[in-house]
Structure formats: structure tokens, C-alpha cells
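Thanks, everyone, for making the time this morning. I would like to walk you slowly through one part of a protein model, so please keep the picture in view while I talk.

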Amino acid sequence: MLARMFNLALILALSGCSTTKTEVVTEKETELHNVNFVIGNITSIYDIKLSLGNIDFENAVFKEDWFSSLSYQYTKDRRYIVGSAKAGSFIAITSTKAQDASGTPLGTFTPCNQTLVFQLPYDALNVYVTDVNYQWNNVSITPIYSNKIEEAMIAFKTSYIKQAAFRQLSADLYKDCETLNPNPLIMTRPI
């Protein structure tokens, strides 16, 4: 799957060379390439939504870009999320839909204070971010991250995937969040 994403990125890059664009292309635009990313989804009852955005570095806040779209999908067994975006892109978990073991929807949970944010590196073609699971807290969930890069390399039959750094940043995703909870990573269902 990762190999197919890489081949697709290569085909798109090569087909871009034959355009008849009359605009002046800057050096920075020609340097940007697509980077494939992998995020582990430990159990199939969660449907993680990822979004592109920007970082307000002064306030350390992720701001979702509502007008951009991010290309990603789950593997057939729903064990991994694989996607592709331009090098340098900032990506964050902006919500998670959950269901119980029977498939009954339990709602969409949105980060209240902080969320996982990562930037695609300029010096790699394939990156692994983390594996995500959640802990239930009555009406909310809390993400739990783990590093299982070796398992990802086995799953995608590759000997090298670069580790991408991620961090928790405040996210400007929705107002009226339950801010009294001391856990900054908690995700709740908007009322």
C-alpha cells in the first residue's frame, strides 16, 4: 500500500513536469514533493479525522485550514491510516468517531484543548507518526500514543520509514469545550 502511494506520488510529480503553465514557478514550489505518512489505528472501532492546517507559532496553536483537503485512507484491515501531502505540511487529528463492538455509533469526539500535530519533513518520502488508541472516560475519550514503527515496517514490507516527530498543541477546533477537565488531551462530544 505504501509502495502504491509512493508510485502515485511519483506519477503525479512526473505528470506535473509536462504542464503548459504560463505562471512563473518559484524555486521553493519546485522543491516541494509529496510525503507519504502512516499512523497506526490500534482498534477498528475508531475513525480518525486528519486535517491540514497552520501553526500560530506565537501562541503554539494549530488552526485547521477549512479550504484544503488531505488525501488519506485506511488500509483494508483498518489497522493503518496512510496518506500523502506536500513536504512541510502541518497535519492534526481534528476529531475521532467511535462505535462500540457491534458497530453502533457512539458519537464524534473533538479535542478540547490539545491535539496531536505533526509536520511532514522535507528530507523523507515515507514517514511513520505513531499508533493511536483511546481510553474511555464516561462521555469522553483520551488518546494514548505508542511507537510501533517496527510493526509498521513489517506491515508495509519496507526496511525504512523515517520517524516523524509529533507534539501536542492547543487546537482552535470548537468553542464551548469542557475546559474544567485537568487532562489537556481529553476529547469530548460537542453539545
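Lys97 has Thr108 in E7 as its bridge partner, and I should say at once that we are looking at a predicted model. That bridge sits in a wider arrangement, in which strand E6, residues 90-99, and strand E7, residues 105-111, pair in the antiparallel sense over four bridges. The two strands form a hairpin with five residues between them, and in the turn you can find Gly103, which has a positive phi of about 95 degrees.

Strand E7 also has a partner in strand E13, residues 187-188, with which it pairs in the antiparallel sense over two bridges, and here Pro111 stands opposite Met187.

Both Pro111 and Met187 appear again when we turn to the largest cavity, because they are among the residues that line it under the rule of an atom within 4 Å of a point. What volume does the largest cavity have? The value is about 50 Å³. Strand E8, residues 114-119, and strand E10, residues 140-146, are the elements that give two or more residues to its lining, and E8 gives the most, with three. As for character, the lining divides into eight nonpolar residues, three polar and no charged.

Finally, let us look at Arg167, which is found in strand E12, residues 166-171. With a relative accessible area of 40%, Arg167 is partly exposed. Leaving aside neighbours within four places in sequence, Arg167 is in contact with Phe90, Thr115, Leu116 and Val117, and its C-alpha atom is separated by 5.5 Å from that of Val117, although the two residues are 50 residues apart along the chain.

Definitions and conventions
Residues numbered from 1 in each chain as written. Predicted model: local features only at pLDDT ≥ 70, side-chain atom pairs only at ≥ 80, totals over all residues. Heavy atoms only, no water. Buried < 20%, exposed > 50% of the residue type's maximum accessible area, 1.4 Å probe, protein only. Contact = heavy atoms within 4.5 Å. Pairing = 2+ DSSP bridges. 1 Å grid on protein atoms, 1.4 Å probe; cavity = no way out; pocket = protein on both sides within 12 Å on 5 of 7 lines; lining within 4 Å. Points joined across faces, edges and corners; volume = space filled by probe spheres on them. Nonpolar A, V, L, I, M, F, W, Y, C, P; charged D, E, K, R; others polar.
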